[in-house]
Every structure is written in C-alpha cells, then in structure tokens.
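Trainee: I would like to practise reading aromatic contacts. Could we take them one at a time?

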Amino acid sequence: MVAMAMLAAQQFLFFSSQSNSRISTTTTRPCLPLPQFTSILLRSRNSKIQFPLISCSSSQTPETQTQTAESCVNLGLQLFSKGKVKDALTQFETAISLNPNPVEAQAAFYNKACCHAYRGEGKKAAECLRTALREYSLKFGTILNDPDLASFRALPEFKELQEEARLGGEDVGSSFRRDLKLISEVQAPFRGIRRFFYVAFTVSAGISLLFNVPRILRVIQGGDGAPDLLETAGNAAVNIGGIVVFVALFLWENKKEEEQLALISRNETLSRLPLRLSTNRVVELVQLRDIVRPVIIAGKKESVTSALQRADRFRTDLVRRGVLLVPVIWGEGTETKVKKKGFSPRPKAAKGLPSIGEDFEKRTQSVTAQSKLKAEVRFKAEVVSPAEWERWIRDQQKSEGVPVGEDVYIILRLDGRVRRSGKGIPDWEKIALELPPMDAILSKLER
C-alpha cells in the first residue's frame with residue numbers, strides 16, 4: 001500500500017530590534033510514497049533560521065530525492081551543527097542557486113553569513129547580511145542577538161553595517177532605523193510637534209518675505225508713494241531672522257534625534273552583551289535589569305586588578321546597593337578562541353530560565369527567571385566575548401569625548417542605562433554613598 005502525506009505550513013516569526021523570534025513561511029509538498037515518515041526540526045543553537053525536514057524511512061536512494069532550497073538549508077544546518085562549516089557553506093550556496101522563495105533565501109543568506117563569521121571572513125559575512133536585510137526583510141535584531149555572530153560583532157565590518165542600518169537606506173533597508181525612531185518618539189514625544197511648528201513658522205516667514213519683495217523694489221526705485229525704508233527693511237529683517245532661527249532649530253532637532261538614535265543603538269548593543277555569573281550561567285545584560293547595577297571597569301590588567309581589590313573593602317555596602325562588578329581588560333578580546341567543533345551551546349544554560357536567543361519580552365518580564373537569577377548573582381561577573389565588550393566601551397568613550405583606550409569605569413542604572421562614567425579607578429566609598437540601597441524608594445523609582 002502506497003501512503004501519501006502532505007506537509008502542512010509552518011510559520012517563521014521575525015526578529016525585532018528588541019525581540020528575538022522566528023522566521024516563517026508556508027510550504028506544502030507531498031512526501032515520497034513511503035510507508036511512514038517523521039517530521040524533524042533541524043536547528044543550530046538558539047537562533048539559526050530553519051525549516052522542517054521530512055525524513056522518510058525507506059530504502060529509497062538519495063538520487064531519487066529531489067534537491068530543493070529547503071532541503072539544502074536543512075542539510076547545511078545539520079553539517080553546521082557537526083562542525084563541518086565548509087560543507088555547510090556549500091549547501092547554503094547551493095540553496096541560493098536553486099531559485100529559493102524569499103524566506104528560504106533569507107535563511108540561506110543568513111546562515112551563510114554565520115559560516116563566514118565562524119571562518120573569520122568578516123567582509124563576506126557583512127555582504128550576506130546586507131543582502132538578507134535589503135532584499136529579504138531580515139530584522140537587524142537577529143544579528144544583534146545571535147551568539148554565533150559574536151565574533152562578527154567585534155569586527156569593523158559590523159560597526160559599519162550597524163551604522164548603515166541606523167541611518168537607513170537602499171543598502172540595508174530602513175526597518176532598524178524605523179524601530180529606533182519608534183523608541184526615540186517614546187523618549188522624546190514632542191520632537192515631532194516642535195519640528196512641525198518650526199516648518200510652519202519658516203513657511204510663514206518665507207511667504208511674508210515674498211510679499212515684502214515688491215515693497216523693497218519700490219523703496220529702491222524711490223519716488224512719491226514709496227514705502228518707508230526703515231519699516232520695510234525692519235519687516236524684511238524680521239522675516240529673514242525668523243527663517244534663519246527656525247531652520248537652525250529644525251536642524252538642531254534633527255541632530256539631537258540622530259544623537260539619540262545612536263545612543264539607543266548603543267544601549268541596545270549593550271543590553272545584548274553576555275556575562276558569565278559565578279554559577280557559570282551565561283546571561284545577557286538585559287536579563288539582569290531591575291536586579292543589579294553593573295559597574296563596568298575597563299583598562300589595563302594592573303588597573304582593573306587594583307580596582308577590584310579596592311572594591312572588596314566595601315563589598316558589603318556595594319552588595320546592598322546591587323553592585324555587580326564587570327571587569328574588562330584591554331586586549332583580551334583580540335585573543336579569540338576558535339572552537340574546532342561547530343557551534344556548541346553556551347556552558348550550563350539552565351532549563352526553565354530565559355536564555356540568549358529567546359523572546360525579548362519573556363526574558364525581561366519573567367518573574368521566575370529574575371528570582372532565580374537573584375539567587376545566582378554575586379559580587380562579580382566575567383565577560384563573555386571580550387571583543388564585543390571592548391568595542392562597545394570604545395564607542396562609548398568616543399561618544400563622551402574620552403580618549404579611546406584610557407582606564408574608565410561605567411556605572412549602569414537598574415534599568416540598564418548608563419548612570420555615569422569616569423576615568424581611572426572608581427572611588428568605591430563615594431559610589432557606595434551615591435547609590436541608594438536596593439530596598440530604598442529611589443531604587444524602586446530607578447527601575
């Protein structure tokens with residue numbers, strides 16, 4: 001008896017700038033006429049883009065099976081998870097050549113970029129991601145959130161790609177910029193109204209100046225009935241001055257918006273940076289919001305060691321204020337440790353807790369996860385992907401006009417934003433007096 005089966009549709013959710021979901025399409029195709037089949041979901045770690053694969057138990061030879069873009073992507077993911085990155089890359093390239101639909105093409109280009117990133121080919125990875133962003137609606141949040149792209153995010157190519165995405169344009173699309181602007185509008189809700197009035201007043205002053213032109217010409221010609229010179233010149237000066245002022249205000253608002261978008265982009269990058277807690281659990285910084293006040297200490301090894309030793313004298317007071325020390329030593333990120341076996345999961349990712357790559361809202365709003373994390377948080381954490389941390393700190397130094405490479409410390413608020421920063425070794429006694437205890441009203445307002 002020949003059995004026929006139809007594969008039902010699957011949904012792929014899309015990543016946003018602050019969420020980490022899956023990509024979907026609907027594909028329906030018959031399975032080969034075989035007695036039985038099983039549906040297998042192939043995946044590579046948390047965030048690889050994937051398809052379901054039909055595995056038929058039969059004696060059919062591989063030659064009788066039709067090669068499709070979907071099957072190539074799935075086979076590529078299988079090889080990818082086994083550490084056969086070169087063979088996986090070949091499968092993703094084959095998938096691209098088989099006239100894939102948009103979702104299959106997005107999956108192929110994205111996973112191809114992950115392979116290039118693993119091989120240290122930053123430019124090729126960036127080009128694949130540009131294609132996926134521009135032509136296949138890949139969300140930039142996917143790139144920010146994927147731990148397999150950690151090495152790529154530490155490269156100059158990522159910085160360039162992120163800047164392009166922030167500015168928007170034909171090369172990478174405008175979805176990331178649109179998401180940033182939505183956050184910006186929430187933080188500065190009256191900017192749009194102010195700009196509207198600036199434009200309206202500029203147009204009004206321009207129209208008034210236009211009507212003044214005939215009067216100015218008559219003043220120049222002179223004769224009987226000519227308008228008063230001082231009055232006409234005064235009106236023209238007021239209109240010109242108004243145009244200059246309102247145009248300057250409009251441009252200033254645009255500049256402030258770009259600075260705010262850059263800040264939001266840096267904060268988003270910061271929230272995705274991974275830490276290893278004392279229990280060896282790896283979490284993103286966003287998962288520690290409302291739980292601790294991270295204090296990032298960056299500098300030469302001697303300076304960071306000295307700062308940690310001084311902090312230990314005030315350990316009790318700092319712990320009461322939720323301080324979590326995050327040491328970053330310059331240069332550690334350049335010594336990238338490359339594993340020889342595929343994209344293995346991060347160490348000891350506990351079950352039942354939000355982990356890297358899961359939905360943003362679930363990670364930030366899970367009360368259960370927060371209570372468990374509170375029990376695991378100690379006085380000090382270890383950075384994962386030091387190159388990513390170092391790049392973010394250097395970008396922060398540039399934005400604040402601090403010479404890049406100096407010893408600095410950065411104190412974060414409970415909500416994950418930067419509270420303040422300074423040069424050299426922190427004054428822990430002053431910090432202990434400055435920060436309110438975790439159970440104080442001011443700490444509750446800071447959340």
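Trainee: What makes F140 buried or exposed here?

Mentor: This is a predicted model, so the values are computed from it. F140 has a relative accessible area of 2%. Buried means under 20%, so F140 is buried.

Trainee: How many aromatic pairs are there?

Mentor: The count comes to eight.

Trainee: Why is the pair of F109 and Y136 called stacked?

Mentor: Their ring centres lie 5.8 Å apart, and a pair needs centres within 6.5 Å. Their planes meet at 20 degrees. Under 30 degrees counts as stacked, so this pair is stacked.

Trainee: What does the pair of F109 and Y136 tie together?

Mentor: F109 lies in helix α3 and Y136 in helix α4, so the pair ties together parts that are 27 residues apart in sequence.

Trainee: Is Y136 buried or partly exposed?

Mentor: Its relative accessible area is 22%. Buried needs under 20% and exposed over 50%, so Y136 is partly exposed. F109, at 14%, counts as buried.

Trainee: Which class fits the pair of F140 and F158?

Mentor: The centres of F140 and F158 are 6.1 Å apart, with 20 degrees between the planes. The cut-offs are 6.5 Å and 30 degrees, so this pair is stacked. F140 sits in helix α5 and F158 in helix α7, so parts 18 residues apart in sequence are tied together. F158 has 0% relative accessibility, so F158 counts as buried.

Trainee: Where does the charged end of R394 sit?

Mentor: The charged end of R394 sits over the ring of W330, 4.5 Å from the ring centre. The distance limit is 6 Å.

Key. Residues numbered from 1 in each chain as written. Predicted model: local features only at pLDDT ≥ 70, side-chain atom pairs only at ≥ 80, totals over all residues. Heavy atoms only, no water. Phe/Tyr/Trp six-rings, centres within 6.5 Å; stacked < 30°, edge-to-face > 60°. Helix = DSSP H or I, 4+ residues; strand = E, 2+ residues; numbered from the N terminus. Buried < 20%, exposed > 50% of the residue type's maximum accessible area, 1.4 Å probe, protein only. Lys NZ or Arg CZ within 6 Å of the ring centre and 35° of its normal.
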